[in-house]
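Biologist: I have a model open on my screen and would like a close look at one part of it. Could you walk me through that part and then set it in its surroundings?

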Amino acid sequence: MQDQASKLRDSATATDCRLRTIAITSGKGGVGKTSLAVNLGLMLAGEGRRVALLDGDMGLANVDVMLGLTPEFTLRHVVEGQKELHEIMLPGPNGLYVIPASRGIEEMAHLAPADQAALLERLGQLEGMVDILLLDTAAGISPNVLSLILAADEAIVVTSPEPTAITDAYAVIKVLSRHRADPRAGILVNMADGSAQAEELFEELRRVIRHFLKVDVRFVGHVLRDECVGRAVCEQKPFSICFPYARASRSLADLARTLVVPGPREPQPEPFWDRMAHWAAQL
Ligand SMILES: Nc1ncnc2c1ncn2[C@@H]1O[C@H](COP(=O)(O)OP(=O)(O)OP(=O)(O)O)[C@@H](O)[C@H]1O
Ligand SMILES: [Mg+2]
């Protein structure tokens, strides 16, 4: 497994374009962030993009479970200087790389400046190794989650059609809008009954966001409610691989096609990890 990571690292060239970071987040828990992050990562990787998925949920490590991976080392070992970044990256299906985080991200914020600088340099290796870094965050608006979202180039706020999930998605946008005029956020409606329902829901949410928060959000798309998603989780296999023609897989594939091309956002100039350390110290 290390071999693959080394190959990936060696293939990086100085001319590689900037890493694009996308945080997948939500106000309410259980709306499908991890399922979507894993399968979106697999689809993008399957198209030949170099993709890494960082399990940024400090409480529950879910990504590895969904992919049936058993991480021996996590970002914590990089923070503590015991491992290099490429040594903790786990290769998943389609060439997708998983970065298990454990509490590593949280600990980054509390390091002495010199240690933090050394760590940032190590993490900076990722810039040349992958094109897209997906961040699967925990639900809610704790400082840890916020520092990840604010550091990312773009946030995908996942909601289900349930009123409580929609209200909590609004709360995430509200907090983001306090920190910047452009929240750099999009809404993804998961567990939708159809495209009309998802679009209507989005338009209503967007209207309220524009009216009360004076910011705008984009529509990322929708993923249909599909019992195959739950079945795949039980089998510890990604639904897009087990059931490639299921409703959820096809709707996610449509969304993946429009997600990164053309890029809705130019990546920010400072490296992602520096921005993360900046926000972690501020919040
Ligand atoms: N499109 C879908 N159709 C049907 N079930 C879904 C869909 N997406 C997710 N689920 C189910 O919803 C449940 C929660 O999914 P998941 O763990 O991905 O959510 P989460 O937002 O990451 O949760 P948490 O906030 O706990 O991290 C799982 O049982 C999953 O199978
Ligand atoms: Mg999750």
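Biologist: Which residues does Gly 221 touch, not counting residues up to four places away in sequence?

Modeller: Happy to take you there, and please keep in mind that this is a predicted model. Leaving out residues up to four places away in sequence, Gly 221 touches Leu 188, Asp 254, Leu 255 and Thr 258. Gly 221 itself belongs to strand β8, which covers residues 218–224. Gly 221 counts as buried because 24 other C-beta atoms lie within 10 Å, and the cut-off for that class is 20 or more. You can also try a distance on your screen: from the C-alpha atom of Gly 221 to that of Ser 251 is 8.5 Å, and the two residues are 30 apart along the chain.

One of the partners of Gly 221, Leu 188, leads us on to the ligand. Strand β7 runs over residues 185–192, and β7 is among the elements that give two or more residues to the shell around ligand 1; the others are α2 (33–46) and α12 (227–234). That shell has 20 residues, of which Gly 29, Gly 32, Lys 33, Thr 34 and Ser 35 come nearest to the ligand. Sorted by class, the shell holds 7 nonpolar, 9 polar and 4 charged residues.

Let's stay with the stretch that holds some of those residues. Gly 29 sits in the loop between β1 and α2. With 14 other C-beta atoms within 10 Å, Gly 29 is partly exposed. The C-alpha atoms of Gly 29 and Asp 168 are 9.4 Å from each other, although 139 residues separate the two along the chain. Val 31 is in the loop between β1 (20–25) and α2 as well, but Val 31 is buried, since 26 other C-beta atoms fall within 10 Å. Setting aside neighbours within four places in sequence, Val 31 is in contact with Ser 26, Val 158, Thr 159, Ser 160, Ala 165 and Asn 190. The C-alpha atoms of Val 31 and Pro 161 are 9.4 Å apart, with these positions 130 residues apart in the numbering.

Ser 160, one of the contacts of Val 31, is worth a stop too. You will find Ser 160 in the loop between β6 (154–159) and α10 (163–179). Its 21 C-beta neighbours inside 10 Å put Ser 160 in the buried class. Beyond four places in sequence, Ser 160 is in contact with Val 31, Ala 165, Asn 190 and Met 191. For contrast, look from Ser 160 to Ala 280: these residues are 120 apart along the chain, and their C-alpha atoms are separated by 28 Å.

Now for the nonpolar interior. The largest nonpolar core has 89 residues, and those that touch the most other members are Val 51, Ala 52, Leu 53, Ile 99, Leu 133 and Leu 134. Helix α2 supplies the largest share of this core, with 8 residues. If you center your view on Ile 99 and skip residues up to four places away in sequence, Ile 99 touches Ala 52, Leu 53, Leu 54, Asp 55, Leu 75, Ile 88 and Met 89.

A helix pair comes next. Helices α7 (residues 113–123) and α15 (residues 272–282) pack at an angle of about 145°, and their axes are 9 Å apart. On the α7 side the contact uses Gln 116, Leu 120 and Leu 123, and on the α15 side Trp 273, Asp 274 and Ala 277. By class, the residues of this contact are 4 nonpolar, 1 polar and 1 charged.

Two loop residues deserve a glance at their backbone. Asn 94, in the loop between β3 (90–91) and β4 (97–100), has a phi near 60°, a positive value in a residue other than glycine. Asn 94 counts as partly exposed, with 18 C-beta neighbours inside 10 Å. Gln 236, in the loop between α12 and α13 (239–242), also is not a glycine and has a positive phi of about 55°. Gln 236 counts as exposed, with 12 C-beta neighbours inside 10 Å.

Finally, zoom out. The protein chain contains 15 helices and 8 strands. Its radius of gyration is 18 Å, close to the 19 Å that the globule rule gives for 283 residues, so the chain is as compact as a globular protein of that length. Of the 283 residues, 45% count as buried.

Technical notes:
Residues numbered from 1 in each chain as written. Chains lettered and ligands numbered in written order. Predicted model: local features only at pLDDT ≥ 70, side-chain atom pairs only at ≥ 80, totals over all residues. Near = placed C-beta within 6 Å. Helix = DSSP H or I, 4+ residues; strand = E, 2+ residues; numbered from the N terminus. Nonpolar A, V, L, I, M, F, W, Y, C, P; charged D, E, K, R; others polar. Core = buried A, V, L, I, M, F, W, Y, C linked by C-beta atoms within 7 Å. Contact = placed C-beta atoms within 7 Å. Rg over C-alpha atoms; globule rule 2.2 N^0.38 Å. Axes fitted to C-alpha atoms, helices over the stretch in contact; angles between N-to-C directions.
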